[in-house]
Amino acid sequence: MHSHPQTEDLRSILKAMQQRHIATGPADGALRRDRLLRAARLLREHRNELAHAMSADFGHRSIYQSLAADIATTQGMLHYAAQHVQEWMQAETLPAPAPGMTARIERQPLGVVGIISPWNFPINLAFGPLSGVLAAGNAALLKPSELTPHTSELLAELIARYFDPMELGVVLGDAGVGAAFSGLPFDHLIFTGSTTVGRHVMRAAAENLVPVTLELGGKSPVVVSADADIGLATARTLTVKTFNAGQICLAPDYMIVPPGQQAGLEQAARAFMAEAYPSLQTNPDYTSIITQKHYERLLGLLEDAAQKGARIVSLAPSDEAAHDPVSRKIAPHLVFDVTDDMKIMQEEIFGPLLPVMVCASAEEAVAYINAHPRPLAAYYFGDTQEGQAHFASRTTSGALVINDIMSHVSIETLPFGGVGASGIGAYHGIHGFMRFTHNKAVVLQSPDGASNLRLRAPYASKLAALESALSA
């Protein structure tokens, strides 16, 4: 077992990394590419160990889901960055601001970046940001989640094999270590997790004026328009709501449907489950809830909704219980007749529960979304260009996906991030490179220094020329 460092130990580690970063100078393209490919190789060579560690941490987690979301997608991010890093890091030469002058923007590493990664995708949300951090030429210190101890321990062991600790280090520990970590004077700090903890992280980082990237969550809506196919919208929504048992920051948090569509939605949901998950409790494809505390929280949301008048529909197979405290598997549930006083409509769900609202018009749906904090993603189902354009222009979210759920997250050319309460800053691809890069303005004065001389006294003759220019 790794011992948990104290605050002073953490400060010493960070100081040593920052000093090494300055002493060695900026990493060249070859070294950045090497680091990215080493990270990808670590994932490839130890994918099965990592997948089984994740399953042990969850109680049970689908091996396919781990290999698809945590290994393959993340390897893709690292390879994409390795392929493009040489072009990304080139200085940008700008038009001459005055005769004889030159101006350019140099891409400079920030230094040492702290990464606080969560439990729900413990590899993807550690190594995904790392693809931008390493491409930008930074060193990094990672604090993985204490809720996935097998995975975090294995990561610490593997990273120590593949990386010099001054390039990439790992700090293990509980929430107390996480709090101390977020108060360190990093050159940048990225946190992925809940909005509540994000506030604490940002407050701690502010003490040292550390810039932050916050990847949070919120309540991402699915809006089904009157012209949409309710069966298609339901199947695509439940595909993601059942992946990782809905424990995803981008998972749909509620659906808004037109009047008269609830019965069609329920029928489509049952058909989807019969095909995709004919069983749940013994099904290796269906993932457990991460901890007993989270399991009980989700059941508490259902109980609160039921007490306040919601109609709850379990999508468990007819011969199975809706939930099991031993396996910590909860069947997907539809929650109809929801109201805003229910906790399920106030908190981010992070599980396989799906509230369903009815709105009479597109305007009513948009007004509801706009009356609440801006979500990490919004999902719109509808085939008319007018409807799509109206929804796109009238709502603000980290991303918008039309006629699908979450498919934007694996497109490396797109920025991934939130807005407002769902996050600050975006990464993936060149957007990650830029997020973790300092764009430094560099100006070379002309030999005659004309632009500087205009500031030099005496001003009498210059004043007349300036007044003439201003009045022209």
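**Salt bridges, buried elements and local geometry in a predicted model**

Glu266 and Arg270 both belong to helix H10 (residues 262-276), where they stand four residues apart, about one turn of the helix. In an α-helix there are 3.6 residues a turn, so residues three or four places apart point the same way. The two side chains form a salt bridge, with 3.3 Å between the closest N and O atoms. The values reported here were computed from a predicted model. Glu266 counts as buried because its relative accessibility is 16%, under the 20% limit for a buried residue. Arg270, at 42% relative accessibility, counts as partly exposed.

The structure holds 14 salt bridges. Among them is the bridge between the side chains of Lys143 and Glu146, at 3.3 Å from N to O. Lys143 is buried, with a relative accessible area of 3%, whereas Glu146 is partly exposed, with a relative accessible area of 35%. Another salt bridge links the side chains of Lys308 and Asp304, at 2.8 Å from N to O. Here the acidic partner, Asp304, is buried with a relative accessible area of 9%, and Lys308 is partly exposed at 36% relative accessibility. In addition, Asp34, Arg35, Arg38 and Glu167 are joined into one network by salt bridges that share partners.

Glu215 presents another case. Glu215 is placed in strand S7 (residues 212-215). Glu215 is buried yet has no salt bridge. The nearest side chain of opposite charge is that of Arg435, 6.8 Å away, while a salt bridge requires the nitrogen and oxygen to be within 4 Å. With neighbours within four places in sequence left aside, the contacts of Glu215 include Phe191, Thr192 and Gly193, as well as Leu376 and Tyr427. Phe416, Gly417, Gly418, Ser422, Gly425 and Ala426 are also in contact with Glu215.

Helix H2 (residues 29-45) has 17 residues. From its first C-alpha to its last, H2 reaches 24 Å, close to the 24 Å expected at 1.5 Å a residue. The buried residues of H2 are Gly29, Arg32, Arg35, Leu36, Arg38, Ala39, Ala40, Leu42 and Leu43. Arg35 and Arg38, listed here as buried, are also members of the salt-bridge network described above. The buried residues of H2 pack against five other helices and one strand, namely helix H3 (47-58), helix H4 (63-88), helix H5 (124-135), helix H6 (149-162), helix H14 (429-435) and strand S2 (102-109).

Helix H6 contains Leu155. Leu155 is buried, with a relative accessible area of 1%. Residues up to four places away in sequence not being counted, Leu155 touches Leu50, Pro122, Ile123, Phe127, Leu142 and Val170. Leu155 and Ala53 are 102 residues apart in sequence, but their C-alpha atoms are 9.8 Å apart in space.

Strand S2 takes part in an open sheet of three strands, which has the order S1-S2-S20 and antiparallel pairing. Strand S1 (92-94) and strand S20 (437-444) are the edge strands, each pairing on one side only. From one strand to the next, the twist averages 25 degrees. The antiparallel pairing of S2 with S20 extends over eight bridges. Arg107 has Asn439 as its bridge partner in S20.

Strand S8 (residues 220-224) is largely enclosed by the rest of the structure, because five of its five residues are buried. Ser220, Val222 and Val224 point one way from S8, and Pro221 and Val223 point the other way. S8 runs parallel to strand S9 (residues 252-257), and four bridges join the two. Met255 is the bridge partner of Val222 in S9.

Three sites in loops were examined for backbone geometry. Most residues other than glycine have a negative phi, and most peptide bonds are trans. Ala245, in the loop between helix H9 (230-242) and S9, has a positive phi, near 55 degrees. Ala245 counts as buried at 0% relative accessibility. Met406 also has a positive phi, near 70 degrees, and is found in the loop between strand S16 (399-402) and strand S17 (416-417). Met406 is buried, with a relative accessible area of 16%. A cis peptide bond, with omega about 5 degrees, joins Ala457 and Pro458. Pro458 is in the loop between helix H15 (450-453) and helix H16 (460-471).

Note on methods
Residues numbered from 1 in each chain as written. Predicted model: local features only at pLDDT ≥ 70, side-chain atom pairs only at ≥ 80, totals over all residues. Heavy atoms only, no water. Expected span 1.5 Å × (residues − 1). Buried < 20%, exposed > 50% of the residue type's maximum accessible area, 1.4 Å probe, protein only. Contact = heavy atoms within 4.5 Å. Pairing = 2+ DSSP bridges. Axes fitted to C-alpha atoms, helices over the stretch in contact; angles between N-to-C directions. Lys, Arg positive; Asp, Glu negative; His and termini not counted.
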